[in-house]
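Student: Could you take me on a close look at the helix packing in this model, and then show me how the rest of the chain fits around that part? I would like one connected account rather than a list.

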Amino acid sequence: MTTVKQLFSLQELDLALDAIQSQKSQAEEELNARLELEQMETALAEEQGRLSETQESHQSFRQDADELRERVPGLEERIYSGDVTTAREMASAELEAGHVRKQLDDMEMRMLELTVAADNSRSRITSLESELEITRVGWEVRQAELTQQVEQLSSKEDTIQVQREELAATVDQQELQKYDILRKRKGGTAVAKVERGLCQACRMSLPTQHLQRVRTGRQMVLCSSCGRMLWPG
Ligand SMILES: [Zn+2]
C-alpha cells in the first residue's frame, strides 16, 4: 500500500528538482543574455561609424578647399596685373575674390569643427574599448562560473531524478497520478504536513475527527480546506 509518507518523500525530491531547475534556467538565461557586453559593442560600433563619417566629410571639404584655393592666384593676378581696366570689371573681380576667400574661411571653420568632432570620437572610442575589455574579462569569469554551476546542477538533477524514479516505482500508479495532478494544481505542494492541528500548507485548523483519521494513517485524508493530502509528520 502506498503511504502518504512515500508521497511526502517523493514531494521532497520533486521540490528539490523544482529548485534545481529554476536555478539552472536562471543561470542559462544569464549565459545567453550577454546583455551588457552587447550594448557596449553596439555603442563602440556606432562611435566608429560616426568617426569614419566625420573623417570622410573632412576629406571632402579638404578636396573642395584645395580646388578653390587654386583659383586664388589667378583672381589676384587679374586684380593686381593692371589688365582689368574698367571699374565694373574690377568690382566684379574683387567681388569674386572676396566670395572665394569667404568660402575658404567657412570651409576652414567647418574642417576645424570636424577635426574637434573626430578627436572627441577617438577619445570616446578609446574609453569604450577599455571599458569593453574590462567588461569582457569580467564576463569571461562569470561565464566560467555559470557554466560550472549549470554542470553541477545538472549532475545533482540527474542523481535526484534517479532517486525519484526509484521511489515512484514503489508507489501505486493511481496514487501517483493523483499526486501529480494535485501538485500541479496546488503550486508544487500536494502533500501537506499537519502540525498542532493545522494544515501547514493552508494554515487552516482541521476538525478533530479529521485529525484522528490522519494520525491512524490507514487511509489518504485530504485537507477539508485546501484539498491537499495530509501527512501527520
Ligand atoms: Zn490545507
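Tutor: Happy to: we start with the packed helices and then follow the chain onward to the sheet. Please keep in mind that this is a predicted model.

Let us begin with helix α3, residues 87-169, since two other helices can be described through their contacts with α3. In general, a packed pair is described by the angle between the two axes and the distance between them. For helix α2, which covers residues 35-80, the axis lies 7 Å from that of α3, and the two pack at an angle of about 160°. An angle over 145 degrees counts as roughly antiparallel, and α2 and α3 are therefore roughly antiparallel to each other. Their crossing is left-handed. The residues that make up this contact of α2 with α3 fall into 24 nonpolar, 18 charged and 9 polar.

Now bring in helix α1, residues 4-33, whose axis comes within 9 Å of the axis of α3 and crosses it at roughly 160°. By the reasoning used above, α1 and α3 are therefore also roughly antiparallel to each other. The crossing of α1 and α3 is left-handed. Here the contact residues divide into 13 nonpolar, 8 polar and 7 charged.

A quick geometric check on α2 may appeal to you. With 46 residues at 1.5 Å a residue, α2 should span 68 Å, and the distance between its end C-alpha atoms is 68 Å, so the two agree. Just past the end of α2 sits G82, with a positive phi of about 90°.

Stepping back to the whole chain, the domain assignment gives domain 1 as 23-169 and domain 2 as 173-231. The centres of domain 1 and domain 2, taken over C-alpha atoms, are 65 Å apart.

Helix α4, residues 173-185, passes the span check too: its 13 residues at 1.5 Å a residue should cover 18 Å, and its end C-alpha atoms are 18 Å apart, which agrees. After α4 comes G187, with a positive phi near 60°.

Further along is an open sheet of 3 strands, ordered β2-β1-β3, with mixed pairing. Its edge strands are β2 (198-199) and β3 (229-231), each of which pairs on one side only. You can see the mixture by taking the two pairings of β1 in turn. Strand β1, residues 191-195, runs parallel to β3 and is joined to it by 3 bridges. Within this pairing, V191 has M229 of β3 as its bridge partner, while K193 stands opposite W231 of β3.

With β2, by contrast, β1 runs antiparallel, and 2 bridges join the two strands. There E195 stands opposite L198 of β2. The hairpin of β1 and β2 has 2 residues between the strands, and R196 in this hairpin takes a positive phi near 45°.

To put the picture together: α1 and α2 are each roughly antiparallel to α3, and β1 sits between β2 and β3 in the order of the sheet.

Terms used: Residues are numbered from 1 along each chain as its sequence is written. This is a predicted model: local features need pLDDT of at least 70, side-chain atom pairs count only at pLDDT 80 or more; totals for chains, interfaces and linings use all residues. Axes are lines fitted to C-alpha atoms, for helices over the stretch in contact, and angles run from 0 to 180 degrees between N-to-C directions. Helices (H or I, at least four residues) and strands (E, at least two) are DSSP runs, numbered from the N terminus. Angles under 35 degrees count as roughly parallel, over 145 as roughly antiparallel, 65 to 115 as roughly perpendicular and the rest as oblique. A crossing is left-handed if the near helix is turned anticlockwise from the far one by less than a right angle, and right-handed if clockwise. Ala, Val, Leu, Ile, Met, Phe, Trp, Tyr, Cys and Pro count as nonpolar, Asp, Glu, Lys and Arg as charged, and the others, Gly among them, as polar. The expected span of a helix is 1.5 Å times one less than its number of residues. Two strands pair if DSSP finds at least two bridges between them. Domain bounds come from an automatic or database domain assignment.
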